[in-house]
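The following paragraphs lead through a structure step by step, and they are best read with the coordinates open alongside.

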Amino acid sequence: MPTIVEEADSAGSSRFPLHFCSNRLLCTFSPADRQLVEAAATAVQLQRGDVLFDAGRDVPATFFPAAGTVVAILVSLLDGRTVEVATIGKEGAVGGIVSGGKAPAFARAVVQIPGAALKVDLKALEDAKARSPHVRDLFCRYADALLAQVMQSVACNAFHALEARCCRWLLTAQDRAGAEDIPLTQEYLAEMLGVQRTTVSAVARTLQEQGLIGYRRGTIRILDRQAAEARACECYQAVERHFREVLPEVKPQKIADSGDVR
Ligand SMILES: [Zn+2]
């Protein structure tokens with residue numbers, strides 16, 4: 001079950017503009033669009049490992065990660081193996097994107113990097129889609145970008161070598177987190193990539209020895225981003241390019257050109 005920690009809104013409604021603009025989808029909402037969901041929005045603090053929804057369960061709400069918060073969409077098999085199919089940060093939303101909240105979730109959404117998010121009641125979001133052409137159009141285009149990420153992950157997981165996938169994943173995580181350091185353990189990285197920890201440790205050691213990444217106390221830093229991009233499979237650029245084309249006003253920022261609003 002979700003273990004969401006509600007964050008007390010001590011500053012009252014004045015906090016909402018901060019949270020709306022901490023998420024790049026919500027930041028495109030006009031004042032009138034914001035009014036459609038504001039009453040049904042709650043600021044929450046997500047902890048690492050929180051399950052926002054699980055496969056087969058109804059999606060309770062849509063979560064809009066604030067800057068720095070990252071959520072993974074995972075698919076689990078009957079034998080217990082798990083692999084990540086999408087990484088979502090401040091450029092996106094989790095849950096209720098296309099289903100309208102009427103269908104059970106197909107996959108599991110787990111908080112990867114802890115932080116704040118805005119939780120919006122599904123019915124309010126659906127009402128906003130029905131009443132606002134901008135909100136409807138935005139979520140249609142976001143669904144397209146999200147589907148592209150999932151489709152690319154199918155090809156990536158099937159055909160690409162672990163080292164290239166690892167570089168792709170680290171670049172994506174750094175973009176989504178909007179920070180230089182990625183606070184993740186190698187155990188978690190192994191789970192995201194669907195491999196044994198010893199396997200991912202060997203790859204991480206090679207990348208570390210070659211000066212691409214630094215690893216210390218549960219934090220990974222990309223030291224040579226250009227080299228990491230060259231070593232990553234084509235999937236990183238393919239997903240980023242498609243996102244920029246369909247959602248130019250929301251495009252995920254690379255850490256190098258990120259001027260965050262948080
Ligand atoms: Zn790939």
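In which sense, and over how many bridges, do strand β9 and β11 pair? In this predicted model, strand β9, made of residues 181-182, pairs with β11 in the antiparallel sense, over two bridges. Within that pairing, Ile 182 stands opposite Ile 220 in β11. Strand β10 (residues 213-216) also pairs with β11 in the antiparallel sense, here over four bridges, and Ile 220 appears again, as the bridge partner of Tyr 215. Between β10 and β11 the hairpin has two residues, and Arg 217 takes a positive phi near 45° there.

In a regular strand, side chains alternate between the two faces of the sheet. Strand β11 (residues 219-222) has a covered face, with Ile 220 and Ile 222, and an uncovered one, with Thr 219 and Arg 221.

A further sheet, of four strands, is open and antiparallel in its pairing, and its order is β3-β7-β5-β6. Because β3 (51-53) and β6 (82-88) stand at the edges with a single partner strand each, one side of each is left without a neighbour in the sheet. From one strand to the next, the twist averages 35°.

Strand β5 (residues 70-76) is joined by five bridges to strand β7 (residues 108-113), the two running antiparallel, and by six bridges to β6, again antiparallel. Ile 73 illustrates both pairings, since Ala 109 stands opposite this residue in β7 and Ala 86 is its bridge partner in β6. Leu 74, in turn, stands opposite Arg 108 in β7. Helix α5 (residues 162-177) packs on this sheet and touches β5, β6 and β7, with a direction that makes about 40° with that of β6. Five of the seven residues of β5 are buried, so this strand is largely enclosed by the rest of the structure. The hairpin of β5 and β6 has five residues between the strands, and Gly 80 takes a positive phi near 95° in it.

The largest nonpolar core has 73 residues, and those with the most contacts inside it are Phe 63, Phe 64, Val 71, Ala 117, Tyr 142 and Leu 170. This core draws at least three residues from each of domain 1 (5-132) and domain 2 (161-232). When residues up to four places away in sequence are not counted, Phe 63 touches Leu 52, Val 71, Ala 93, Val 94, Gly 95, Ala 117 and Lys 119.

Terms used. Residues numbered from 1 in each chain as written. Predicted model: local features only at pLDDT ≥ 70, side-chain atom pairs only at ≥ 80, totals over all residues. Pairing = 2+ DSSP bridges. Axes fitted to C-alpha atoms, helices over the stretch in contact; angles between N-to-C directions. Contact = placed C-beta atoms within 7 Å. Core = buried A, V, L, I, M, F, W, Y, C linked by C-beta atoms within 7 Å. Buried ≥ 20, exposed ≤ 12 C-beta atoms within 10 Å, placed from the backbone. Domains from an automatic or database assignment.
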